[in-house]
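Me: I have a protein model open here and would like to go through it slowly. Could you help me read it?

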Amino acid sequence: KKSKKDIHPEKKEKRNSNDLCLNRKKDDKKLVCIIGDSILNDIDQNGLSDDKFKVRVKNHPGATTEDICDHLKPEIRKKPDIVLVHSGTYDITKNVKSLENHKRIIDSIKSNIPQCKLAISNVITRKDIKGIDEKVEKFNIRLSKFSKKNKVDVIDNSNLDVSCLTNKKLHLNGKGCSYLANNFLDYLDSL
């Protein structure tokens, strides 16, 4: 019976441990977290990722900005380089303090990841309730002023109109998803 030493007598010296492992190059892609409400449902994170960005889309159907404050906590622990927040769709029909919640989101990101780039994606038009589109427009004006005051970028989604909505006039159809995804890509490319 041969001992283990005799099985491969030609291999007398130890190999360098680096030769025994896969050579994994450090991923130089920036980690991007896009977090928000159900408007993000059909946004494909793989389609947004490229050689510069690894994108994670975290959608939370029905979430208000208050909910996003909670959902953001595990994402912050992953230390993304860039965070894009798309919320406020449901704040408009509920009694939610949107700008205060956006401030909490900003403060949480800035205190935990000071080097993180942050942008807020403004609310997309809606037509599911009579007169709601006017409320969205007013909200987006307030959100833009708020963002400027807090030194946060805004992703303008004014190119999404009623032709980008499904039959229920709240969520995005294929065209709308494509437009929103391109708005995100345009923002990332501008960095």
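Reply: Here is a walk through the chain, its sheet, two helices and one loop residue. This is a predicted model, in which local features need pLDDT of at least 70 and side-chain atom pairs count only at pLDDT 80 or more, while totals for chains, interfaces and linings use all residues. Residues are numbered from 1 along each chain as its sequence is written, and side-chain values use heavy atoms, with hydrogens and water left out.

Me: ok, how many helices and strands are there?
Reply: The protein chain has six helices and five strands, where helices (H or I, at least four residues) and strands (E, at least two) are DSSP runs numbered from the N terminus. Along the sequence they follow the pattern α-β-α-β-α-β-α-β-α-β-α.

Me: and in what order do the strands sit in the sheet?
Reply: The five strands form an open sheet in the order β2-β1-β3-β4-β5, with parallel pairing; two strands pair if DSSP finds at least two bridges between them. β2 (53-59) and β5 (153-155) stand at the edges with a single partner strand each, so one side of each has no neighbour in the sheet.

Me: what joins β1 to β3?
Reply: Five bridges join β1 (residues 30-36) to β3, and the two run parallel. Within this pairing, Val32 stands opposite Ile82 of β3. The helix α3 packs on the sheet, where it touches β1, β2 and β3, and its direction makes about 160 degrees with that of β1. For such angles, axes are lines fitted to C-alpha atoms, for helices over the stretch in contact, and the angles run from 0 to 180 degrees between N-to-C directions.

Me: switching to α4, which of its residues are buried?
Reply: They are Ser98, Asn101, His102, Ile105, Ile106 and Ile109. These cover an arc of only 145 degrees around the axis, which puts them on the same side of α4; the arc is that of the directions from the helix axis to the C-beta atoms. On the other side of α4, Glu100 and Ser111 are exposed. Buried means under 20% relative accessible area, exposed over 50%, and partly exposed in between (1.4 Å probe, protein chains only).

Me: why would residues a few places apart point the same way?
Reply: An α-helix has 3.6 residues a turn, so residues three or four places apart point the same way.

Me: and what covers that buried side of α4?
Reply: The cover includes α3 (65-77), β3 (82-86), β4 (117-121) and α5 (132-149).

Me: what about α6, where does it lie?
Reply: Helix α6 (residues 174-190) lies across β1, β2, β3, β4 and β5, running at about 150 degrees to β4. Its buried residues include Cys177, Leu180, Phe184 and Leu188, and the buried residues of α6 fall within an arc of 150 degrees seen down the axis, so they line one face of the helix. The face turned away from the buried side of α6 carries the exposed residues Gly174, Asp186 and Ser190.

Me: last one, is His60 buried or exposed?
Reply: His60 is buried, with a relative accessible area of 18%, and its place is in the loop between β2 and α3. Leaving aside neighbours within four places in sequence, His60 is in contact (heavy atoms within 4.5 Å) with Ile35, Gly36, Asp37, Ser38, Ile68 and His71.
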